[in-house]
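The following exercises concern the architecture of a single protein chain. Each task is followed by a solution worked out in steps.

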Amino acid sequence: MLQAFKQLFRRPPAAPVRAERPREVRFVGGNAHASFDTAATNDENRKQWRYADGLSAERCNSAQVRRILRNRGRYETDNNSYLSGMMRTLSNDCIGRGPRLQLNTKDVVGNQRVERAFANWAKQVRLAEKLRIMRRGRAVDGEAFLQLVTNPRLASAIKLDLRLIAPERVTSTDLSVTDSQRIDGIRFDESGNPVAYDLLDRPVGRELGINDWKSRPVDASQIVHWFRCERAEQYRGIPEIVPALHLFAQLRRFTLAVIAAAEAAADHAGVIKANVPPEDVEKYDSGDVVELEPRSFVTLPAGWDINQIDAKQPTTTYDSFVSKI
């Protein structure tokens, strides 16, 4: 009986696992024969992928590229009401009123004393405000830097202060291509840990002398570097709004175009033409501009005609366009 039950509940032998044939790209006669559709290059997708490259994270996020993206991100944020409001909402929701300390030790009086001391220090150094600036800078500038310094003028027993640093100040003026343990603004040890940051002596963006462009190393223990790492071996950040930056620019242009169309439709704007021989036209030449009184009727000489410009108003698609962007 026992043997019968063993035969009944015996597991069937597992089927041999068939190894899946790896997909690979073979080059035959200079042409790529690929199993993936997106690996093939043809006339339809040639322009779509013409900017795809194999650059490393360091080369892709070079100092020149970061400077361009940073400047464009700041410009669009300062001039786009939608993007500016989103960045303010992002920093306010992420940081809020700032971090607060809460201790739960058995010493209740000691807990309250330390909590009050931390709250007083945070107010003196404007901790919440600086953290909100850093969160906005990470999205708009790509990264945020903070230097830990000693400020004897703080009205607190703790003299530790937080100094915000613009990302463009973290750069190396003597960077060598052959130096593998340094990238723009950061020095590394043999294990890949940051050991120092190169800071310019003066802020960038004003008239500087030759000696002001020198950078000095600052120990990494005094620097807080905050950015979003998206790739392996990426040590500098790019703005988080980069994928949608051109869309925000189009949104701003479309909004202005809708307003201009509405103004053109509300005002008198048209073309005056004369159905008379050219020799009879004495007062006006082709291309002249005639100002008309608003909300009034205008009389024209015999043989003259006026046609108002039909300004198409895309009001039916504007709300949908803004929502999708």
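**Exercise 1. Two crossing helices**

Which handedness, left or right, does the crossing of α4 and α6 have? Describe also the geometry and the composition of the contact between α4 and α6.

*Solution.* The model examined here is a predicted one.

Step 1. The crossing of α4 with α6 is right-handed.

Step 2. Helix α6 covers residues 127–140, and its axis lies 9 Å from that of α4, at an angle of about 130°. An angle above 115 but not over 145 degrees is neither roughly perpendicular nor roughly antiparallel. The pair α4 and α6 is therefore classed as oblique.

Step 3. On the α4 side, the contact is made by M87, L90, S91, N92, C94 and I95. On the α6 side, the residues are A128, L131, R132, R135, R136, A139 and V140. By class, the contact of α4 with α6 comprises eight nonpolar, two polar and three charged residues.

**Exercise 2. A second helix pair**

Determine how α3 is oriented with respect to α4, and state which residues bring them together.

*Solution.*

Step 1. Helix α3 spans residues 63–79 and helix α4 spans residues 81–95. Their axes are 5 Å apart and form an angle of about 100°. Angles of 65 to 115 degrees count as roughly perpendicular, so α3 is roughly perpendicular to α4.

Step 2. From α3, the residues E76, T77 and N79 take part; from α4, they meet S81, L83, S84 and M87. This contact of α3 with α4 contains two nonpolar, four polar and one charged residues.

Step 3. M87 of α4 appears in the contact with α3 and also in the contact with α6.

**Exercise 3. The sheet of three strands**

Establish the order of strands in the sheet that contains β3, and identify the strands at its edges.

*Solution.*

Step 1. The sheet is open, has three strands in the order β4-β3-β9, and is paired in the antiparallel sense. From one strand to the next, the twist averages 25°.

Step 2. The edge positions belong to β4 (160–165) and β9 (223–227). Each has a single partner strand, so one side of each lacks a neighbour in the sheet.

Step 3. Strand β3, residues 143–150, is joined to β4 by six bridges in antiparallel fashion. V149 has D161 of β4 as its bridge partner. With β9, β3 pairs over five bridges, again antiparallel.

Step 4. L146 illustrates both pairings: L164 in β4 is its bridge partner, and V224 in β9 stands opposite L146.

Step 5. Six of the eight residues of β3 are buried, and the strand is thus mostly covered.

**Exercise 4. The sheet of four strands**

Work out the arrangement of the sheet that contains β5, and characterise the surroundings of I183.

*Solution.*

Step 1. Four antiparallel strands, in the order β5-β6-β7-β8, make up this open sheet. At its edges stand β5 (182–183) and β8 (215–219); each has a single partner strand, so one side of each is left without a neighbour in the sheet.

Step 2. The partner of β5 is β6 (residues 186–188), and two bridges link the antiparallel pair. I183, which belongs to β5, stands opposite I186 in β6.

Step 3. The relative accessible area of I183 is 8%. The cut-off for a buried residue is under 20%, so I183 is buried.

Step 4. Beyond its neighbours within four places in sequence, I183 contacts E58, S172, L175, F188, Y235 and R236. R59 is 124 residues away from I183 in sequence, yet their C-alpha atoms are 9.9 Å apart.

**Exercise 5. A loop residue and the whole chain**

Is D201 buried or partly exposed, and what share of the chain's residues counts as buried?

*Solution.*

Step 1. D201 occupies the loop between β7 (194–200) and β8. With a relative accessible area of 37%, D201 is partly exposed.

Step 2. R169 is 32 residues from D201 along the chain, and the C-alpha atoms of the two are separated by 8.1 Å.

Step 3. The chain holds eight helices and 11 strands. Of its 325 residues, 25% count as buried.

Step 4. Among contacts with a separation of 6 or more, 64% come from residues 24 or more positions apart.

Terms used. Residues are numbered from 1 along each chain as its sequence is written. This is a predicted model: local features need pLDDT of at least 70, side-chain atom pairs count only at pLDDT 80 or more; totals for chains, interfaces and linings use all residues. Side-chain values use heavy atoms; hydrogens and water are left out. Axes are lines fitted to C-alpha atoms, for helices over the stretch in contact, and angles run from 0 to 180 degrees between N-to-C directions. Angles under 35 degrees count as roughly parallel, over 145 as roughly antiparallel, 65 to 115 as roughly perpendicular and the rest as oblique. Contact means heavy atoms within 4.5 Å. Ala, Val, Leu, Ile, Met, Phe, Trp, Tyr, Cys and Pro count as nonpolar, Asp, Glu, Lys and Arg as charged, and the others, Gly among them, as polar. Two strands pair if DSSP finds at least two bridges between them. A crossing is left-handed if the near helix is turned anticlockwise from the far one by less than a right angle, and right-handed if clockwise. Buried means under 20% relative accessible area, exposed over 50%, partly exposed in between (1.4 Å probe, protein chains only).
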